[in-house]
Amino acid sequence: MAVRGIEDLLNKVRAYNPGADMEFIKRAYFFSSEAHGEQKRKEGSPYIEHPLAVASVLADMKMDTVSIAAGLLHDTIEDTPTIKEDIQKRFGYELAFLVDSVTKLGKIQFQSSEEAQAENFRRMLLSMAEDIRVVMVKFADRLHNMRTLQYLPEEKRKRIARETLEIYAPLANRLGIGWLRIELENLSFKHLMPEVYEDLVRKVATRREEQEGYVNVLIGIVKNKLANEGIRAQVKGRIKHYYGIWQKMQRQEIPFDQIYDVLGIRIITDTKASCYAVLGLIHSLWKPIPGKFKDYIGVPKSNMYQSLHTTVVGPEGRRVEFQIRTEDMDKLAEEGIAAHWKYKERGHINPKDDRYIAWLRNFIQEIQDVRQTPQEFLDAVKSEVVPDTIYIFTPRGEIKELPLGATPVDFAYSIHTQVGHKCVGAKVNGRMVPLKFTLNNGDTVEILTSQNHTPSRDWLSFVTTSRARTRIRQWIKAEERKECIELGAKLLETEIRRRGLSVSLLKGPEAASAASGMSFEDPEDMLVAVGYGKISPQQVVNRIAPSSIQEAEAPAIKPAKQAEEEKGITITGMTDILYHLAKCCYPVPGDNLVGFITRGKGVSVHRKSCPNLPRLVADEERLISVQWKASDGAPHLAKVAVDTLDRPGIVANLSAAISSLNINIHHMEAITNQLENAHISFILEVKDRGQLNAIMQKLAQLDGVIGVRR
């Protein structure tokens, strides 16, 4: 089977590239076959069949010899004892680079699967900017894996399908490879929602039978009209792909029965002028639907896609979508960057086609300029490859492409970072709008700026582009760093003066030595840590001037370690750190906790269900793991809200119930409203979550109580 497979592959390559080095491909095949040996795939077939299938997909894409060989060898470094140097020695640097670039970082230990996924994508994108063939091999590998996904466990199937739908399919679209995007989307849809997919397949098959006759009549009408006008063109019907139909159902919130354009008509003509002439003929035959015309010839998509789209009301009142394009445009729409690739230059595209990955080079520059968490990076990737885009005009008529849902702030940052930072308002089509306003395709946007203005953290809640989000976070972190340096310096100066030492120690070699001894790159990083509360001023001064430890007075604040022992809290990876229990959620022993590093006040400890947590999560780097130690029985404050009917004696009944469980009431407030209900808040002293749950259950059972919550 495998031997026949290599012969089929060679014949396929020979058909489009008669001068290809067949011996080179054969050597890659035999090397891969020997390396994988007796390995089997999940369904039991010899593993070598997978690399053969990947190479075959690359041949379908008419890739060069080195890419075909990379498809054959792509799993050797990851799944066999083979190393990059082995491949380089036998096949050269170019092939070794491609194979190594598509290899997952499997031998590195990551803290989470999310971190591993992020680093693998980061590696792929960096390599892709150097040689676009990296992603072509990756696409072929992912496509064959998706075609054989049914053999994997359900959880793994869904994870791979979701990753494919969120990143690989949009990336294929960004590079203009239409057929690949459609197949990846349909396969992902099939595995993520199998029942919905199968139901839609059946309905489309039925509708196709109903519509084919109708579409054939339309094709006949169009062909006759084109012939009468002397316009050369091909006219053919096409079925919209399943995932696209499902997306339309979701977007418009309509059932399948109300989708009338499952079949569309594509007209392929010879020149750009003919495209517009055909459009005029279609509109003369049937009434166009307002808002359903898109001119992607005049304003091409970022992936260079060009076509005219229009939807008309055809015979019997049915909606019909037409796509009109030239042969070159049609080829480009299906093959994208692969249609223009020049392999003689070892993976470097010619200047004309460099625009395909200009967005990638800009994006890579963005991600290298700022440190991002794995989730921030993956979100940035998704926003960059998102397929739904809008076109916005500057007052001078320049066009900016932005993702669907973009705001004036996104637009401002797309012009220049400083325009974004100084943005105070925006006019859309001459009318003032809020900064969180959602832009629409074709809007003209004017940004109003002020030299005294700075970015707001609130912007992070509504911007959609990775550039805007990255630049805002960069500015916030830079400002916070400045504040922390100032605060850290003040705290250290106070501690040094308290010990009767000279402030000049902070600028001398002692400070640099202390920073190095505490694993900081420089004294400035140490000041930041003090300002954030990650380390205490006492710890730093003890290292700067060890002789002052015995002379130091007892600190006004109880040492954090001592407080930690008493309150029963462990802060992961940190000792001697100040912290306090947050009063917004009053955590008690038994609650799941999370810590938030504050500036100058140590760690604020919250319940994971704290309503303030979503706001804090915007700065994930400041969230740390916190756990309770075994409960020591000491009382902890907890807040309980009780909604009741406003009747005499209700407060007394609640208080009596609380006292019956030997729970002390630390504080109480009561408010009534116009609906004759009362809202009563208690701050109670409880031992742990179990005791708190017991009193909440008891209160909920009292007559007149509507609800009890923390």
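1. In this predicted model, asparagine 662 follows helix H26 and has a positive phi, near 60°. The helix itself spans residues 650–660, and its packing is taken up in the next two points.

2. Helix H26 has buried residues at Ile650, Leu654, Ser655, Ala657 and Ile658. Viewed down the axis of H26, these buried residues fall within an arc of 160°, so they line one face of the helix.

3. The partners of the buried H26 residues include both strands and a helix. The strands are S18 (636–645), S19 (664–672), S20 (677–686) and S21 (705–709), and the helix is H27 (689–700).

4. The largest nonpolar core holds 80 residues. Within this core, Leu9, Leu95 and Phe139 touch the most other members. Apart from it lies another core, of 24 residues, which includes Tyr214, Leu263, Ile265 and Ile267.

5. The contacts of leucine 9 may be listed individually. When residues up to four places away in sequence are not counted, leucine 9 touches Ile25, Leu52, Ala55, Ser56, Ala59, Ile68 and Leu72.

6. Serine 45 sits in the loop that runs between helix H2 (22–36) and helix H3 (49–60). Is serine 45 buried or exposed? The relative accessible area of serine 45 is 15%; because buried means under 20%, serine 45 is classed as buried.

7. The surroundings of serine 45 can be described further. Its side chain makes a polar contact with the side chain of glutamate 43, at 2.7 Å. With neighbours within four places in sequence left aside, serine 45 is in contact with Gln39 and Lys40.

Definitions and conventions
Residues numbered from 1 in each chain as written. Predicted model: local features only at pLDDT ≥ 70, side-chain atom pairs only at ≥ 80, totals over all residues. Heavy atoms only, no water. Core = buried A, V, L, I, M, F, W, Y, C linked by side-chain atoms within 4.5 Å. Buried < 20%, exposed > 50% of the residue type's maximum accessible area, 1.4 Å probe, protein only. Contact = heavy atoms within 4.5 Å. Helix = DSSP H or I, 4+ residues; strand = E, 2+ residues; numbered from the N terminus. Arc of directions from axis to C-beta. Polar contact = N/O pair within 3.5 Å; in protein donor to acceptor, adjacent residues only side chain to side chain.
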